[in-house]
Amino acid sequence: MPPFGIYVHVPFCAARCGYCDFNTYTASELAGSGASPDGWLAAVHREIDLALRTVGRRPVDTVFVGGGTPSLIGAGRLGEVLGAVRDAFGLAPGAEVTTESNPESTSPEFFAELAAAGFTRVSLGMQSAAPHVLRVLERRHTPGRAVAAAREARAAGIGHVNLDLIYATPGETDDDLRASLDAVLDAGVDHVSAYSLIVEDGTALARRVARGELPAPDDDVAAARYELIDDRLSAAGFDWYEVSNWASSPEAVCRHNLGYWLDGDWWGLGPGAHSHLDGARWWNVKHPARYAALLRAGDAPEADREVLTGSERQTERVMLQLRLATGLPLALLDDPGAAAAGRAAEDGLLDPAHLAAGRAVLTRPGRLLADRVVQQLLAGAPV
């Protein structure tokens, strides 16, 4: 059977960052709805029971708590959710257990409680070490807090720690990014995620760009910044294993996310969470109050679902596996797609040696154009 993961969505945030379009809610946005962290926790317990009745007792390989701001609800509630998952399904030997955290809502005591509860990995949202970049992103933490939090997590016994960066923010310079990378490496983490800023429709950032208050991110600048990140992390002993992710050792790789990229099974708990089992995908209603009400009534919180066709699954495998350093088997491509892969190798976007061995693996120029390469491999058209 494929690996089985549990994703847990915590929908609460102290404030909404200007670039964020995730399914999150501040206290003022939930006022009068009846939604609360304790109500969410009770509903998650009920959905765990529903998942157990549906899936049966199947050991969990990875647990990932995301959001939102999981650290905002406290280590006690996070530990209770993990305990409920463990009691219902059991954890596989060596299971990876991750929670995202925002630096400003953590402390040494918080990380110690996480470690005692069984969390093995923490992912911290740093974004940048430059104060003016954090202001543009509307992040609340001070520049040094993410590094301090990473050190506290390691000191508490959390085995693996990730720091997230966002690059190509309007106003960021090369030197700002270099300083951020220096801070990341100084923190002693073993995993780094770095994402180019995307201006999502409906966000405060999109409105500022539309009004001309901020310039839109520049693709050429983003490409140059990606190369800067890759150079600096590679020199420090980190290897890329997915287009936006680097690890200092095989053990530091995020196995939960690999489950997504390698067509694994997972159950998503919480409002707006997505699940995937045996080629079926479904997602929960988004609002925390509606989510909790459905489960209290004994109903599934499902908003909608789809069953993927063989062709759709093949397309997704190409889209996701090509992003990995291991690449994708050429057997997943039809004859026109394989021909397009050959042309991509001639253009320097796929590695010729790997292609000769039967796998399509992106070069660094190919990583910068990964979406375009995917489109051409699926269409069989010239890259």
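Which residues are linked with Asp 230 in a network of salt bridges? They are Asp 231, Arg 364 and Arg 367. This is a predicted model, and the report below follows its charged pairs first, then its packed helices, then one loop.

## Salt bridges

Side chains of opposite charge can pair when their charged atoms come close. A search of the whole structure finds 20 salt bridges. Three of them are set out here.

| Pair | N to O distance |
|---|---|
| Arg 77 and Asp 38 | 2.9 Å |
| Arg 367 and Asp 230 | 3.3 Å |
| Glu 316 and Arg 281 | 2.7 Å |

Start with Arg 367 and Asp 230, whose side chains meet in a salt bridge. Arg 367 sits in helix α15 (residues 364-368), while Asp 230 sits in helix α9 (residues 219-235). The pair therefore ties together parts that are 137 residues apart in sequence. Both Arg 367 and Asp 230 are buried. Both also belong to the network with Asp 231 and Arg 364.

Next come Glu 316 and Arg 281, with their closest N and O atoms 2.7 Å apart. This pair links a helix to a strand: Glu 316 is in helix α12 (residues 310-321), and Arg 281 is in strand β11 (residues 280-284). In sequence, the two residues are 35 residues apart. Glu 316 has 26% relative accessibility, so it counts as partly exposed. Arg 281 has a relative accessible area of 14% and is buried. The cut-off for buried is under 20%.

The remaining pair is Arg 77 with Asp 38. Arg 77 lies in helix α3 (residues 75-89) and Asp 38 in helix α2 (residues 37-55), so the salt bridge ties together parts that are 39 residues apart in sequence. Arg 77 is partly exposed, at 25% relative accessibility. Asp 38 is partly exposed too, at 47%.

## Packed helices

Two packed helices are described by the angle between their axes and the distance between the axes. How do α2 and α3 lie to each other, roughly parallel or roughly antiparallel? Their axes come within 10 Å and cross at roughly 15 degrees. The two helices are therefore roughly parallel to each other, as angles under 35 degrees count as such. The crossing is right-handed.

Arg 77 and Asp 38 are both part of this contact. On the α2 side, other contact residues include Trp 40, Leu 41, Val 44 and Ile 48. On the α3 side they include Glu 80, Val 81, Ala 84 and Phe 89. Of the residues in the contact, 13 are nonpolar, one is polar and three are charged.

Helix α3 also has a contact with helix α4 (residues 108-117). Here the axes come within 9 Å and cross at roughly 10 degrees. That makes α3 roughly parallel to α4. From α3, the contact takes in Ala 75, Gly 76, Leu 78, Gly 79, Leu 82 and Arg 86. From α4, it takes in Phe 110, Glu 113, Leu 114 and Ala 117. These residues divide into six nonpolar, two polar and two charged.

## A loop glycine

Where is Gly 157 placed? Gly 157 is in the loop between α6 (145-155) and β5 (160-167). Is this residue buried or exposed? At 52% relative accessibility, Gly 157 counts as exposed, the cut-off being over 50%. Gly 157 is 48 residues from Leu 205 in sequence. In space, the two are 37 Å apart, C-alpha to C-alpha.

Technical notes: Residues are numbered from 1 along each chain as its sequence is written. This is a predicted model: local features need pLDDT of at least 70, side-chain atom pairs count only at pLDDT 80 or more; totals for chains, interfaces and linings use all residues. Side-chain values use heavy atoms; hydrogens and water are left out. A salt bridge is a side-chain nitrogen of Lys or Arg within 4 Å of a carboxyl oxygen of Asp or Glu. Helices (H or I, at least four residues) and strands (E, at least two) are DSSP runs, numbered from the N terminus. Buried means under 20% relative accessible area, exposed over 50%, partly exposed in between (1.4 Å probe, protein chains only). Axes are lines fitted to C-alpha atoms, for helices over the stretch in contact, and angles run from 0 to 180 degrees between N-to-C directions. Angles under 35 degrees count as roughly parallel, over 145 as roughly antiparallel, 65 to 115 as roughly perpendicular and the rest as oblique. A crossing is left-handed if the near helix is turned anticlockwise from the far one by less than a right angle, and right-handed if clockwise. Contact means heavy atoms within 4.5 Å. Ala, Val, Leu, Ile, Met, Phe, Trp, Tyr, Cys and Pro count as nonpolar, Asp, Glu, Lys and Arg as charged, and the others, Gly among them, as polar.
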